[in-house]
Amino acid sequence: MRIGGKEAFEAALRGEGKGFADATFVRAGEVFKLLADLKPFQAGFLGATYPQSAGQFGDGKGAMMLMLNGLLNTMKANAADKVGIPDDKLGWFPFPTVAGGKGDPGDTLGGLNGWLVTKGSPKEAADFLKFFSEAENQRQAAERGFYIPVVVGTQDAIKHSILRQLAENVAKSKYHQLYYDQMLGPSVGAVVNDISADLAAGRMKPVEAAEAVQQAWELAQ
């Protein structure tokens, strides 16, 4: 996102040029490999689950995690003391820019929540979602720090300072990208996750990783 921006990803989706094997994605792999070569991760990180990593962070055994608001509650739940890092010891900053990158520094990446009501469901199902989405109910969730509310005019109810920062950051973003493993579908998403681990472990070169994603994308079409 920082190197190629929205345009690079959408061009790959359209199948332009080399797609996900384009130079933008190869370069992204190279920069990620530079990070991995610094050996900044915890021992055994390749086999660690998200709850385990969140717990380690909550225990004060990590300086930072690449995460959004979900970490605030997860690190507490998985910390040894079930308390985690106190709010006055926590900080947040957006993902850094890359020199010469075409991506907007304000672009964000993360998940989105949604609900589906299937055909034939009782009327009460839709009624509940309308109730759930009412501004007052969204404000209550915001006050309790459950999640970032989506209803306009409710974000001022967020009390947690970092959660408020995140909400303001996402609100300013002109481009919010859904997690790639979700956006690209299960078969391609699995490859994205696998090549990320292989790059970090030094089992694959950046150009090979980019080509693997493109091949998976072509097979999925």
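Student: Is Thr97 buried or exposed?
Tutor: This is a predicted model, so mind the limits: local features need pLDDT of at least 70, side-chain atom pairs count only at pLDDT 80 or more, and totals for chains, interfaces and linings use all residues. Residues are numbered from 1 along each chain as its sequence is written, and side-chain values use heavy atoms, without hydrogens or water. Buried means under 20% relative accessible area, exposed over 50%, and partly exposed in between, with a 1.4 Å probe and protein chains only. Thr97 has 54% relative accessibility, so Thr97 counts as exposed.

Student: Which residues does Thr97 contact, leaving aside neighbours within four places in sequence?
Tutor: Place Thr97 first: the residue lies in the loop between helix 4 and strand 1. Helices (H or I, at least four residues) and strands (E, at least two) are DSSP runs, numbered from the N terminus. Contact means heavy atoms within 4.5 Å. With neighbours within four places set aside, Thr97 touches Arg2 and Pro105.

Student: How far apart are the C-alpha atoms of Thr97 and Gly70?
Tutor: Along the chain, Thr97 and Gly70 are 27 residues apart. In space, their C-alpha atoms are separated by 23 Å.

Student: What is the C-alpha distance between Pro86 and Lys76?
Tutor: Pro86 sits in the loop between helix 4 and strand 1 (108–110). At 40% relative accessibility, Pro86 is partly exposed. In sequence, Pro86 and Lys76 are 10 residues apart; C-alpha to C-alpha, the distance is 9.3 Å.

Student: How are helix 3 and helix 4 oriented to each other?
Tutor: Axes are lines fitted to C-alpha atoms, for helices over the stretch in contact, and angles run from 0 to 180 degrees between N-to-C directions. Under 35 degrees is roughly parallel, over 145 roughly antiparallel, 65 to 115 roughly perpendicular, and the rest oblique. The axes of helix 3 and helix 4 (residues 70–78) lie 7 Å apart, at an angle of about 80°. The two helices, helix 3 and helix 4, are therefore roughly perpendicular.

Student: Which residues of helix 4 make that contact?
Tutor: Helix 3 brings Tyr50, Pro51, Ala54, Gly55, Phe57 and Gly58. Helix 4 brings Gly70, Leu71, Thr74, Met75 and Asn78.

Student: How many salt bridges are there?
Tutor: Start with the rule: a side-chain nitrogen of Lys or Arg lies within 4 Å of a carboxyl oxygen of Asp or Glu. One of them joins Glu16 to Arg14, with the closest N and O atoms 2.7 Å apart. By this rule, the salt bridges number seven.

Student: What is the N to O distance between Lys123 and Asp127?
Tutor: Both residues, Lys123 and Asp127, lie in helix 5 (residues 123–132), four residues apart, about one turn of the helix. Lys123 is exposed at 61%, whereas Asp127 is partly exposed at 30%. Their side chains meet in a salt bridge, N to O, at 2.6 Å.

Student: Which residue pairs with Glu10 in a salt bridge?
Tutor: The partner is four residues from Glu10 in helix 1 (residues 5–13), so about one helical turn separates the two. The closest N and O atoms are 4.0 Å apart, and the partner of Glu10 is Lys6.

Student: How much accessible area do Leu35, Leu38 and Phe41 have together?
Tutor: Patches take residues with over 30% relative accessible area and no salt bridge, joining like charges within 9 Å and nonpolar side chains (Val, Leu, Ile, Met, Phe, Trp, Tyr) within 5 Å. Areas come from the Shrake-Rupley method with a 1.4 Å probe; for residues, only the protein chains shown count as cover. Phe41, in the loop between helix 2 (23–37) and helix 3 (50–58), is partly exposed at 33%. Together, Leu35, Leu38 and Phe41 form a nonpolar surface patch of about 290 Å².
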